[in-house]
Amino acid sequence: MKTRLEKTSIKTKVFFTTSILALTLAILILSLVYLLLPPHYQRQKEENAAKLVDNICRDVNNKSFQTIKNRLDKVSSSNVMYISLMSPDSKLLYEKNEFLIHMNKYEEVNFDLDKITTFEKIRVADREGEHTLRITTIFYPMKDTADAIRGLSPMIIIIVILLSFLGSYIYSEFITSPLLKIIDMEQYQIAKRKKFIGAISHELKTPITIISGQLEGMIYNIGKFKDRDLYLKKCYDTTQDLKLLVYQMMELSKKEILDATLNRSYICLADIIESVSEKHRFLYEEKSINFSLNMKSKGYIYAYKDSVVTVMNNLISNAIKYTPEGYSVIIVLEEQKRKFQEPKIIFTIENTGVSLSKKELKNVFEPLYRVESSRNRDTGGSGLGLFFVGQILSTQGFSYEMFSRENSIVFRIEFNS
């Protein structure tokens, strides 16, 4: 049972928990109404009746008999009650039974109704002695109402169950959907981090093994390793590769720590692209690459400048590196206007003379993935460049895509302006 509960989705758990709580609360409220309403109703009616009698006595005391009669007629006509006035010698001077009149008019007389009778002594201005005023106020008991509530309980419970399920479903959808997205993102990041650590471990193992083997051969003067100058240089080259890999790992760790607290500002994307392109001028001129900049917009965006510079450095250097001699690298920056929304700044970089398969395009953002089957760093780099780009753009909320055309590769980014 415990295992089954653990496997249940968060949305289902929230739905059933909320339903049970709502149903329990509804039944509790219904039970309290059934138990507490009758005594509360009776107490309230008794208090109101006592106030009414007190007001009547004050109003008619020391008035003439005709005035008293007129006022009692008026009171009894607006209240269901029995009123009588007795002389000091117990002679009935006035009687008004509005209760019986009311019952005879509309329904059968029911003497099981709750009654409150009060006897008060009053004086009549034009008569001698103290007269007795009897007032019986009548109210319907709550027993019938309580029985009606009990009779309706099954229907009420069914309605409550349906409303509880409906409310719980809506609540679970609105509350858990954002939560599930956060959890899914966390799980995705954890899985990605594990994959990255596994790939890094493999990448570190290879140069360490190479250096260790070459040094051991030189120590024992084995075969070709007797040429120490050659293999010392090879060891040095391998340590440089290792140094680069460790540096990139440190950069990635630093970015993961700082990304949550980056200070963003409005920056001119066009200026950054032109500056980075100028730094790579030697590379594309050396390969006789036709490098084209088409800045249709200044492209002011709200972002962390250093991260955007890193992205542009990676994308432009990659485009130049993988473009064959004599082909083109085309960069376009333009503004895309949208109705009722802020415009977007669209950046595209296209390098011609190359193409990637769907499988390669799917994997290029994975850490340490290199297109070359030989995984040679001289032509394929460390395999962390596009991984960095993807991490930075995702962290800052910019959408991106990479796709192939017939004889070119295009990288496209949508920046929020």
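Is Tyr-302 buried, exposed or partly exposed? Keep that one in mind; the answer comes in Exercise 1. Everything below refers to a predicted model.

**Exercise 1. Take apart the aromatic pair of Tyr-266 and Tyr-302: its geometry, its place in the chain and its exposure.**

Step 1: start with the inventory. There are five aromatic pairs in the structure, and Tyr-266 with Tyr-302 is an aromatic pair with 5.0 Å from centre to centre and 50° between the planes.

Step 2: classify the geometry. Planes under 30 degrees apart would be stacked and over 60 edge-to-face, so the Tyr-266 and Tyr-302 pair comes out as tilted.

Step 3: place the partners. Tyr-266 sits in strand E5 (residues 265-268) and Tyr-302 in strand E7 (residues 300-303), so this pair links distant parts of the chain, 36 residues apart.

Step 4: check the exposure. Tyr-266 counts as exposed, because its relative accessibility is 59% and the cut-off is over 50%. Tyr-302 has a relative accessible area of 38%, so it is partly exposed.

**Exercise 2. Do the same for Tyr-400 and Phe-411.**

Step 1: the ring centres of Tyr-400 and Phe-411 are 6.1 Å apart and the planes are at 0°, so this pair is stacked.

Step 2: Tyr-400 belongs to strand E10 (residues 399-405) and Phe-411 to strand E11 (residues 408-416), so the contact ties together parts eleven residues apart in sequence.

Step 3: now the accessibility. Tyr-400, at 28%, is partly exposed. Phe-411, at 4%, is buried.

**Exercise 3. Work out how the buried residues of helix H7 are arranged around its axis.**

Step 1: list them. Helix H7 (residues 269-279) has Leu-269, Ala-270, Ile-272, Ile-273, Val-276 and Ser-277 buried.

Step 2: look down the axis. The buried residues of H7 fall within an arc of 160°, so they line one face of the helix.

Step 3: recall the helical repeat. An α-helix has 3.6 residues a turn, so residues three or four places apart point the same way.

Step 4: look at a residue of H7 that isn't on that list. Asp-271, which lies in helix H7, is partly exposed at 39% relative accessible area.

**Exercise 4. Sort out three salt bridges: Asp-271 with Lys-298, Glu-285 with Arg-281, and Arg-412 with Glu-414.**

Step 1: get the total. The structure holds eleven salt bridges.

Step 2: take Asp-271 and Lys-298. The closest N and O atoms of this salt bridge are 3.4 Å apart. Asp-271 is in helix H7 and Lys-298 in the loop between strand E6 (290-295) and E7, so the bridge ties together parts 27 residues apart in sequence. Lys-298 is partly exposed, at 45% relative accessibility.

Step 3: move to Glu-285 and Arg-281. Their side chains meet in a salt bridge at 3.1 Å, N to O. Both are in helix H8 (residues 281-286), and because they are four residues apart, about one helical turn separates them. Glu-285 is partly exposed at 46%, and so is Arg-281 at 33%.

Step 4: look for a wider network. Glu-278, Arg-281 and Glu-285 are linked in a network of salt bridges.

Step 5: finish with Arg-412 and Glu-414. The closest N and O atoms of this salt bridge are 2.9 Å apart. Glu-414 is buried, with a relative accessible area of 18%.

**Exercise 5. Examine the positive phi values of Asn-62 and Ser-90.**

Step 1: set the background. Most residues other than glycine have a negative phi.

Step 2: read the angles. Phi of Asn-62 is near 65°, and phi of Ser-90 is near 65° too.

Step 3: place the residues. Asn-62 is in the loop between H2 and helix H3 (65-78). Ser-90 is in the loop between strand E1 (81-86) and strand E2 (92-97).

Step 4: add exposure. Asn-62 is partly exposed at 49%, whereas Ser-90 is exposed at 55%.

**Exercise 6. Describe the nonpolar surface patch that includes Val-33.**

Step 1: name the members. Leu-25, Leu-28, Ile-29, Leu-32, Val-33, Leu-35, Leu-36 and Leu-37 form the patch, and together they have about 710 Å² of accessible area.

Step 2: zoom in on one member. Val-33 lies in helix H2 (residues 10-60) and is partly exposed, with a relative accessible area of 34%.

Terms used. Residues are numbered from 1 along each chain as its sequence is written. This is a predicted model: local features need pLDDT of at least 70, side-chain atom pairs count only at pLDDT 80 or more; totals for chains, interfaces and linings use all residues. Side-chain values use heavy atoms; hydrogens and water are left out. Patches are made of residues with over 30% relative accessible area and no salt bridge: like charges are joined within 9 Å, nonpolar side chains (Val, Leu, Ile, Met, Phe, Trp, Tyr) within 5 Å. Accessible areas come from the Shrake-Rupley method with a 1.4 Å probe; for residues, only the protein chains shown count as cover. A salt bridge is a side-chain nitrogen of Lys or Arg within 4 Å of a carboxyl oxygen of Asp or Glu. Helices (H or I, at least four residues) and strands (E, at least two) are DSSP runs, numbered from the N terminus. Buried means under 20% relative accessible area, exposed over 50%, partly exposed in between (1.4 Å probe, protein chains only). Rings of Phe, Tyr and Trp (its six-membered ring) pair if their centres lie within 6.5 Å; planes under 30 degrees apart count as stacked, over 60 as edge-to-face and the rest as tilted. The arc is that of the directions from the helix axis to the C-beta atoms.
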